Amino acid sequence: MTDHPALPFTIIGGYLGAGKTTLINQMLSAPNAPRIGLLVNDFGAINIDATLIEAEDDDVISLNNGCICCKLTDSLGDGVDMLAARHAELDHIVLEASGVSDPTRLKAYAHGNPLLQPGPVVTLVDCVNVRTQANDKFVKHLVRHQIQHADLLLLTKQDLLDPSAFEPVSEWIKTLSSAPQVHATQAPITLPSLLEAAWHFAGHTTEESWVDHTHVSWHYPATQRLSRKMICDILPTASSGLVRAKGWFTDERNALCLLQFSQGRVEITEATENTSRDAAARSSGLVFLSPDPDFDFSALNDLLDSCKA
């Protein structure tokens, strides 16, 4: 029998490009943040500030503010159990769900574990692209399902919309879900503030259903230097069936760079000293994702080959 209360278990979900990584960074760096046990798919993507790192192992990073980051490898259940076993060191466990997953299905990992208290599913919604996504023949069921089964909706990117365009989007989302809405702003969002809103629906239960949402992926090895400018020019012109890209490459100045592409927007950032070590542990390469099972990746390969510096 444990003398410690069960750890709250919160799931952060949302479709690709909704802003989950930004939210996770805000949580980890917030002053006086609770001690979070974070499960993520990729350390490099969250770009942890090197000044926060206290200790680093293959799949675990311990931060000097008490947070622990665990990279998901073969088994999500093993990662959850590992953090749950360290309940005396933590205040909360947060799972960052993949953008193409069903977060409600992941709740099962908290049920039946006496060290965990199943908490809410927080779904991020990209206000700029959500209506397009919700009508896309490949991903509409997934996007709508993520919204419909959320306990809290965090609306992002409203600053990219005209004020007159935001309200109709918010009202349309309400036709899919009665979950409370929180509007992301420039001010950092803390885990306690999210939970305070989410637990308004503490008694709300969702049907633990699962829909098979298949995306096809393709890996580009990026063994040679690539031109940043050319990548920025070609990716937005690629087929609309390309929804996501992420990975490391070396640019024309021999700088290690992280590429992130979502919904037609390209972001390239040079690796910090800390992320350079993490990226160097992996072979360089870019991963592309499409919901279209017939997507022509050979044409994309030719475009990327043309970017060689």
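I began with strand β8 and looked up its pairing with strand β9 (residues 181-183), and I found that the two strands pair in the parallel sense over three bridges. I noted, before going further, that this is a predicted model. Within that pairing, I saw that L153 stands opposite Q181 in β9.

Next I turned to the other partner of β8, which is strand β7 (residues 116-126), and I counted five bridges joining these two parallel strands. I picked out V125 as an example, and its bridge partner in β8 is L155.

I then asked myself which element joins β8 and β9 in a β-α-β unit. I found that helix α7 (residues 163-174) makes this unit together with the two strands, and that the unit is right-handed.

Is β8 enclosed or open to the outside? I checked its residues, 152-156, and because five of the five are buried, I wrote down that the strand is largely enclosed by the rest of the structure. Both faces are covered, with L152, L154 and T156 buried on one side and L153 and L155 buried on the other.

Last, I looked up the nonpolar cores. The largest has 23 residues, and L235, F249, F288 and L300 are those with the most contacts inside it. Among the elements that give two or more residues to this core, I listed β11 (244-250), β12 (256-262) and α11 (297-305). I also found a second, separate core of 22 residues, which includes Y15, V125, A134 and L142. Here I met V125 again, the residue I had already noted as the bridge partner of L155.

Notes:
Residues are numbered from 1 along each chain as its sequence is written. This is a predicted model: local features need pLDDT of at least 70, side-chain atom pairs count only at pLDDT 80 or more; totals for chains, interfaces and linings use all residues. Side-chain values use heavy atoms; hydrogens and water are left out. Buried means under 20% relative accessible area, exposed over 50%, partly exposed in between (1.4 Å probe, protein chains only). Helices (H or I, at least four residues) and strands (E, at least two) are DSSP runs, numbered from the N terminus. Two strands pair if DSSP finds at least two bridges between them. A crossover is right-handed if, with the strands pointing away from the viewer, the path from the first strand over the helix to the second runs clockwise. A nonpolar core is a set of buried Ala, Val, Leu, Ile, Met, Phe, Trp, Tyr and Cys residues joined through side-chain atoms within 4.5 Å.
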